[in-house]
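Student: I have a structure to read, and I want to know what the labels rest on. Can we go through them one by one?
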Amino acid sequence: MTNSTTTEPTTGPTTPPRGSGTPSAAGTSGYVPVNGLDMYYEVHGEGRPLVLLHGALATIGTSFGAILPLLARDHRVVAVEQQSHGHTGDIERPLSYEQLADDTAAVLRHVSVSDADILGFGMGSGIAVCLAIRHPELARKLVLATPAYDRDGFHPGVVEDMAALSPEHLAGSPLKEDYLRTAPRPQDWPVLIERVKRLNLEFVGWPEEAVAAIKAPALIVVGDSDVVRPEHALSMFRLLGGGVAGDVAGLPNSQLAVLPGTGHLALMERAEWLTSMVHAFLAAPVRAKV
């Protein structure tokens, strides 16, 4: 659910005053005091709320720079930066999906967002899953890009590669450059890497019954050469109601998209293609379960 130099793309010191509503591109930005953090968020566009949750080591810009402007044409996009990432500083607390989901829920309640659509990428997809389990009233539909609900979802070697990641491996990368540009303490880049490594190494996931109990329909999106195995994406699709003969049983509320010729780093760059799928999924009516 995280990244290395071969997995997921994941800046300094000047930030807006705490709690401000400062213009950010075509939207607004600000900070919310949450569980000991000042969490950064941005709001773009108008319409039904769509929450964006970035990948590990990333910022809003590095995960969603290509797709956010397209999504903001039809949605009120609320994008959040997690503990230690981007504009949001660090505190003496390890990263866990449960805590990250609770932090996100607190930000959404602060900005009066509920029953929202949630789009998570990489680590953000894990936060989205955990949010739907722990705070189901906040999640109407889920778009899960590169999700893994347990450790076996990753290709062999991905987690091990992450364990060997060092700051030198990301020297000059867009991830580091954006961190240096936005972080309140740019010198904490190695701290972020260690926190993400620990999050990966300690990741166990969620029981299949907990995933199957999620009420929000989900669009699962992976590249055919992603860090998550396509078989795992299919397994998750089945847990969320997929895997039926649609002409007989009717189309399920959840959907699965495997993008051809696409690795993990390229997934969010397929902006027009991905946006068309996201818009269609979020606009689709939800069938009553028989």
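Student: Which residue is the bridge partner of aspartate 117 in strand 7?
Tutor: The partner is lysine 141. This is a predicted model, where local features need pLDDT of at least 70, side-chain atom pairs count only at pLDDT 80 or more, and totals for chains, interfaces and linings use all residues. Residues are numbered from 1 along each chain as its sequence is written, and side-chain values use heavy atoms, with hydrogens and water left out.

Student: What makes strand 6 and strand 7 a pair?
Tutor: Two strands pair if DSSP finds at least two bridges between them. Strand 6 (residues 116-121) and strand 7 have six, in the parallel sense. So they count as paired.

Student: How do you know that strand 7 also pairs with strand 8?
Tutor: Apply that rule again. Strand 7 and strand 8 (residues 218-225) share four bridges, also parallel. One of the partnerships joins valine 143 to leucine 219 in strand 8.

Student: Why is strand 7 called largely enclosed?
Tutor: Buried means under 20% relative accessible area, exposed means over 50%, and partly exposed is in between (1.4 Å probe, protein chains only). Six of the seven residues of strand 7 (residues 139-145) are buried, so the rest of the structure largely encloses this strand.

Student: Is histidine 75 buried or exposed?
Tutor: Its relative accessible area is 7%. That is under 20%, so histidine 75 is buried.

Student: What makes the link between histidine 75 and histidine 279 a polar contact?
Tutor: A polar contact is a pair of N or O atoms within 3.5 Å; within protein, one must be able to donate a hydrogen and the other to accept it, and residues adjacent in sequence count only if both atoms are side-chain atoms. The side chains of histidine 75 and histidine 279 make such a contact at 3.3 Å.

Student: Why is the pairing of arginine 134 with aspartate 102 called a salt bridge?
Tutor: A salt bridge needs a side-chain nitrogen of Lys or Arg within 4 Å of a carboxyl oxygen of Asp or Glu. Here the N to O distance is 2.8 Å, so the label fits. Arginine 134 sits in helix 4 and aspartate 102 in helix 3 (residues 97-110), 32 residues apart.

Student: How do you know that arginine 134 is partly exposed?
Tutor: Its value is 41%. That lies between 20% and 50%, so the middle label applies.

Student: How many salt bridges does the whole structure hold?
Tutor: The search finds 11. Among them is glutamate 137 with arginine 109, at 2.3 Å between the closest N and O atoms.

How values were computed
Helix = DSSP H or I, 4+ residues; strand = E, 2+ residues; numbered from the N terminus.
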